[in-house]
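Reader: I'd like a close look at the sheet in one of these chains, please. Could you walk me through how its strands are put together, and then step back to what surrounds it?

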Amino acid sequence: MSIIAIENLEKEYNTNGIVVRAVRGVDLSIEPGEFSAIAGPSGSGKTTLLNIIGGLDRPTGGVVKVGGRDLSSMTAKELSDMRLQRIGFIFQAYNLIPVLSAIENVEYVLLLQGLGKEERTRRARAILTEVGLESEMNRLPRELSGGQQQRVAVARAIVSEPDIILADEPTANLDQATGAGLLDLMKGLNNSKKITFLFSTHDPMVMERAERLIYLTDGSVMSDTKKARGKRTGRSAAAKKRAPAKKK
Amino acid sequence: MKIILSIAWRNLWRNKRRSLVVISSISLGIFAMILSMGIMNGMNRQMVENTISTSLGHIAVHRAGFQDNMKLEYNFFPSEKIIAAVEKEKRVKAYAPRIKSQCMLRSSEASRGVMIVGIDPEREKKLTKIYEYMLKDKESAFLSGPGDDAILISKSLAKRLDLLVGDKLVLMIQDREKEIVGVGMTVRGLFESPVDSFDQFVAFTGLSTLQKLTGLEKNISEINILLYNKEDVDQVKAGLLEGLADKNLEVLSWKDMAPSLVSAVKLFDTMMYIFFAIVFITVIFSIANTLIMAIMERFHEIGVMKSIGTRPNRIFSMVMMEAAGLAFVGLAAGVALGGAVTALLSVTGIDLSFYMESMRSLGTGSVIYPAIKAMDIFMAMVIVLVTTIIAALYPAVKAARIKPLDALHYI
């Protein structure tokens, strides 16, 4: 069963009477353990799509199911709990809580899940060691480099062992070497913990390393390529309407 | 909840200057509240104590009707039964018989209607502070005994009547038969109490002298009673009423005899609470403004917290805890400062002699000794905490309702 199933997804924004269609009829299916990226130019709807999958935004039309549950039927509290239990977020700007140390930032998610102090600390230490920050655990975010902060963000996202990690431009603020190291780390976690990773990116390095590349243009899926198999797996109905099928 | 508390506490110190300004405003508010409560308590206490120590005592036994109509005809004989009932009460520190009646004092220059009080000087020394209020001039002296036929008047009354110690005046009074009788009296001494109205309208002579003059023989107008502890007044009054069991007598506390004083104390207290309300409305806006600014600054951060699964109630709690943190720090500083300054002033006193006339008309005396009550400190703490909760509600609800997506887009 797909861990993320999207059917005919639509999202419109109404800004001062001007309607903008950010996502247009997207059909998408993500299988457990995938290491996929949604790419496309700015304004193509990548982040909107990621936000809807993460329950941060509601679609205007269509169906989004995460782990078999239709997000449209969930209340704000249920969505909040789903984000806590099943989804990890990694943001472009790291978004750590600035008054908490690295280990406290990681522990915070476990605390929200109701874990005891001992278990929280044990898991937070283990995960920070895994991402190479064993000596930086007690530092505040402002005392860490961008790459280190993003590693803390990764640790925070995976410490609760979610099914899915949604990463919005995770390498955008990092230099190439740091970004590559971070991608290696996430790929390693994908392999070892079987966590599904879904990126939104326009970083060529991420696109290159992703096992599946979903390319969006103007809110529609223009291409969907599984690199391991080396072939396209399908396009959205809207994309088919908007552009003739490309030759293989 | 511990980590939310920890985040809230650390958030407080992210903008130290702003937090310190709010903490200062809270602590200054509490400082002002404790000090002004202390001053008001001191004034009220001194007003009451001065009234008790100059004229009323804590309790008085009268012939029924005397309090409403202070005429000579409302007199009674201080029987052994009455005296025994008073002496039996262990909470009684001192008592003294008195005659009180309206009279006219006339000098060669002026005349004035006053209340003449016939006293037993030795007993009176234990009951009131008249002896302490006597001017310490060589000429000025206290009455020698109940039979002393001289008169004590205040310094201000002497000035009005243009009299000095040793001068003569004429006292005219209605006797028991309602005849006007007059007698020449020598001014034995001058006194000056902290209560202007008392000084203007009260004079003293010997009890026996006044009994003879008015024809009351052994009868008196009242027995004034001083207790060791003012708080026992109501209990002792009830006990005496029961012990005397005489419908012709009334037993009144100082509150019964000076209802206007009780009203004045209540009025001052009410004014004080209005003042506090104004101060703390300002504090409410100060705290609310600070918290709203802090939340706007952390709009994005709160969005992140919500996006990773923090429920609105925890965000609400975090903001409330930040407000509570501000309140507690401000409270501690304000209570310490207010308590210390008020305690110091309660020893040194606040000299308001430049407002001498106003203070004397209030009956407080010119030096105010602030008094702190544990209840005042408790009230200050409750008011500040309630104020903080009210002030934090709007920002906390606003923070709890932040939509994570809107906040994530907000830079």
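Author: Happy to! Let's begin with strand S1 (residues 4-15) of chain A, which pairs with S2(A) in the antiparallel sense over 9 bridges. A strand here is a DSSP run of E with at least two residues, a helix is a run of H or I with at least four, and both are numbered from the N terminus. Two strands count as paired if DSSP finds at least two bridges between them. Before going on, please note that this is a predicted model, in which local features need pLDDT of at least 70 and side-chain atom pairs count only at pLDDT 80 or more, while totals for chains, interfaces and linings use all residues. Residues are numbered from 1 along each chain as its sequence is written, chains are lettered from A and ligands numbered from 1 in the order in which they are written, and side-chain values use heavy atoms, leaving out hydrogens and water.

Back to the pairing of S1(A) with S2(A): A:Asn14 stands opposite A:Val19 in S2(A). The two strands form a hairpin with 2 residues between them. In that turn, A:Asn16 has a positive phi of about 50°.

S1(A) also pairs with S4(A), again in the antiparallel sense, over 5 bridges. Here A:Ile4 has A:Val66 of S4(A) as its bridge partner. Strand S4 (residues 61-66) of chain A is in turn joined to S5(A) by 2 bridges, and these two run antiparallel. Across that pairing, A:Lys65 stands opposite A:Asp70 in S5(A).

Put together, the 4 strands make an open, antiparallel sheet in chain A with the order S2-S1-S4-S5. Strand S2 (18-30) and strand S5 (69-70) of chain A stand at the edges with a single partner strand each, so one side of each has no neighbour in the sheet. As general background, strands of a sheet pair through backbone hydrogen bonds, either parallel or antiparallel.

Now for the surroundings. Chain A brings 22 residues to its contact with chain B, which brings 21; contact means heavy atoms within 4.5 Å. About 2,000 Å² is buried between chain A and chain B, 63% of it from carbon and sulfur atoms. Buried area is the accessible area (1.4 Å probe) that two parts lose on being put together, summed over both. There are 2 salt bridges between chain A and chain B, a salt bridge being a side-chain nitrogen of Lys or Arg within 4 Å of a carboxyl oxygen of Asp or Glu. One salt bridge joins the side chains of B:Arg10 and A:Glu104 (2.6 Å, N to O). On the side of chain A that touches chain B, helix H2 (76-86) and helix H3 (102-112) of chain A each supply at least two residues. By class, that side has 12 nonpolar, 4 polar and 6 charged residues. For these classes, Ala, Val, Leu, Ile, Met, Phe, Trp, Tyr, Cys and Pro are nonpolar, Asp, Glu, Lys and Arg are charged, and the others, Gly among them, are polar.

Chain B itself is assigned domain 1 (2-51 + 261-409) and domain 2 (65-246), with bounds from an automatic or database domain assignment. The C-alpha centres of domain 1 and domain 2 of chain B lie 49 Å apart.
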